[in-house]
Protein chains: 2
Amino acid sequence: MPVARVRDQYHHGDLESALIATARKFTKRNGIEHLSLRKVAQEIGVSPSAAYHYFPDRDALMAAVGFSLFEELADYQERELAKITGTTAKAAKERYRALGKTYFEWAIKEPHFFNLMFSEHCLVDSKSEEKREDNRAFINLTKCLDELVSTGALEERMRGHSELLSWTVVHGATSLIVGGHLDPENYESILDDLEFSLGIRK
Amino acid sequence: MPVARVRDQYHHGDLESALIATARKFTKRNGIEHLSLRKVAQEIGVSPSAAYHYFPDRDALMAAVGFSLFEELADYQERELAKITGTTAKAAKERYRALGKTYFEWAIKEPHFFNLMFSEHCLVDSKSEEKREDNRAFINLTKCLDELVSTGALEERMRGHSELLSWTVVHGATSLIVGGHLDPENYESILDDLEFSLGIRK
DNA sequence: ACTACTATCTATACATTGTTCAGATAAAAG
DNA sequence: CTTTTATCTGAACAATGTATAGATAGTAGT
């Protein structure tokens, strides 16, 4: 059976991006576990060995897909955040909610993506640059909490306790729900509990 | 090259348990992604196809390993909890802490186990029996929170907000730290924040 | 004790996979 | 136009998951 060739040039042009994009497509459908390097190459119309010019092994391609997803999630989050304007306490509270909801909705819509991002393929050594510091989602959270304090929606004495707490609650609940260990309908009320215990009243 | 045979009987006796136990051993070392059904069979001294009498495919074996780990974690948690006796508020607070700390410590000691448990291989449909209801870790948490209330360590009005919140914080922080997205040294202070925001004072 | 039956395991085979490596081809540089 | 470098191909290999047919052992019935 002859292999279907999409391409008509010997050189692809931007094979690295194509590999990531195609691997992303396959992961979206079947999850990262069933990703085949050969099938990715075949889809692009390139020989299996071509990928090894850009990635040392299959794991590296998976990781590249995963890390690109962090950007994608942050993009989505910032787009949704931008829809909520205003400097009132009400607006700040809505943005805070949106941070949690967008994280969750994105994960629910693409569970294979979420699972890849927090799988062993995307391990970070927590001391490198891929860390909290340049984590856009974390920066957005920090900014949002500052708004909550400055608008009086969050007591100043709770500020220091709310950052990591918010992050872990949002991620933890999402993770448990995506994994099927917690019912999705609980998510909203968990955010309620979080806000309540931080003293953010409706 | 002749295959080394550990076994001297045609029938193994309890091959299903042996498969899970051996797969567990390999997972502990190398993570679930690099688990080979053939190597597991070889280690036991059995042909590769023998496994298919007990598991429909490789994924099913992985899942079996994963689900057994939930039991293992609960066992460990209950052993540690049992060490803290007494009916005072102080004892209740210590037990509450222990719930969070044991979860974390277990995950840090065996990250490959933790990753398997919350990977796509151990997906639960959240409507089945493998759910919250018969989740021993969750039951222990419930009991512990009741103790906190009855000893006066936790205000009754916070009781309803503390269950899912505690669970998601503990799991979320652990998950982020195991994945390298958060520094381990933050864990203790996250538990502090949780207790603080729930009104559990030292 | 013999026979039929069922559960358990083996042997063999196959397609697919990740990966390597020598060489072909195209693009860039001189 | 030649040389050099980057990019990709082709063929090969060992390992993997899995299917199928048959062998072996334990079990139940007589």
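**Figure 1. Chain A as a whole, in a predicted model.** A residue counts as buried here when its relative accessible area is under 20%. By that cut-off, buried residues make up 51% of the 202 residues in chain A of this predicted model. The fold is easy to sum up: chain A has eight helices and zero strands, so from the N terminus on you simply read α-α-α-α-α-α-α-α. Lined up along the principal axes, the C-alpha atoms of chain A fill a box of roughly 65 × 30 × 30 Å. Take the contacts in chain A between residues at least 6 apart in sequence, and 70% of them join residues at least 24 apart.

**Figure 2. How confident the predictor is about chain A, and where to be careful.** Mean pLDDT for chain A comes to 91, and 91% of its residues get to 70 or more. The stretch to watch is residues 1–7 of chain A, where pLDDT stays under 50. The model still gives that stretch eight contacts beyond four places in sequence. Where pLDDT is low, though, predicted coordinates shouldn't be read in detail.

**Figure 3. The two domains of chain A and the contact between them.** Chain A splits into domain 1, residues 1–55, and domain 2, residues 66–198. Nine residues from domain 1 of chain A and eight residues from domain 2 of chain A take part in the contact. Between them the two domains of chain A bury about 680 Å², with 66% of that on carbon and sulfur atoms. On the domain 1 side, look for A:Arg24, A:Lys28 and A:Ile32: these lose the most area to domain 2 of chain A, together 65% of what that side buries.

**Figure 4. Chains A and B around their rotation axis.** Turn chain B by 180 degrees, with 0.0 Å of shift along the axis, and it superposes on chain A with an RMSD of 0.0 Å. The two copies are thus related as by a two-fold rotation axis. Both copies use the same surface, as 100% of the contact residues of chain B recur in chain A. Which residue of chain B comes closest to the rotation axis? That's B:Gly172, whose C-alpha is 1.7 Å from it.

**Figure 5. A:His171, with contacts in both chains.** A:His171 is part of helix H7 of chain A, which covers residues 156–178. At 0% relative accessibility, A:His171 counts as buried. Its side chain makes a polar contact of 2.8 Å with the side chain of A:Tyr103. Leaving aside neighbours within four places in sequence, A:His171 touches A:Tyr103, A:Phe114 and A:Phe118 in chain A, plus B:Gly172, B:Ser175 and B:Leu176 in chain B. That puts B:Gly172, the residue of chain B that comes closest to the rotation axis, among the contacts of A:His171.

**Figure 6. B:Tyr96 and its surroundings in chain B.** Move over to helix H4 of chain B, residues 89–109, and you'll find B:Tyr96. Is B:Tyr96 buried or exposed? It's buried, with a relative accessible area of 7%. A polar contact of 2.7 Å joins the side chain of B:Tyr96 to that of B:Ser166. Beyond four places in sequence, the contacts of B:Tyr96 also include B:Leu141, B:Cys144, B:Leu145 and B:Leu148. Further along chain B, B:Leu194, B:Glu195, B:Leu198 and B:Ile200 are in contact with B:Tyr96 too. For a sense of the fold here, B:Tyr96 and B:Leu191 are 95 residues apart in sequence, yet 9.9 Å apart in space, C-alpha to C-alpha.

How values were computed
Residues are numbered from 1 along each chain as its sequence is written. Chains are lettered from A and ligands numbered from 1 in the order in which they are written. This is a predicted model: local features need pLDDT of at least 70, side-chain atom pairs count only at pLDDT 80 or more; totals for chains, interfaces and linings use all residues. Side-chain values use heavy atoms; hydrogens and water are left out. pLDDT is the predictor's confidence in each residue, from 0 to 100. Contact means heavy atoms within 4.5 Å. Copies are superposed by least squares on the C-alpha atoms of residues with pLDDT of at least 70 in both. Helices (H or I, at least four residues) and strands (E, at least two) are DSSP runs, numbered from the N terminus. Buried means under 20% relative accessible area, exposed over 50%, partly exposed in between (1.4 Å probe, protein chains only). A polar contact is a pair of N or O atoms within 3.5 Å; within protein, one must be able to donate a hydrogen and the other to accept it, and residues adjacent in sequence count only if both atoms are side-chain atoms. Domain bounds come from an automatic or database domain assignment. Buried area is the accessible area (1.4 Å probe) that two parts lose on being put together, summed over both.
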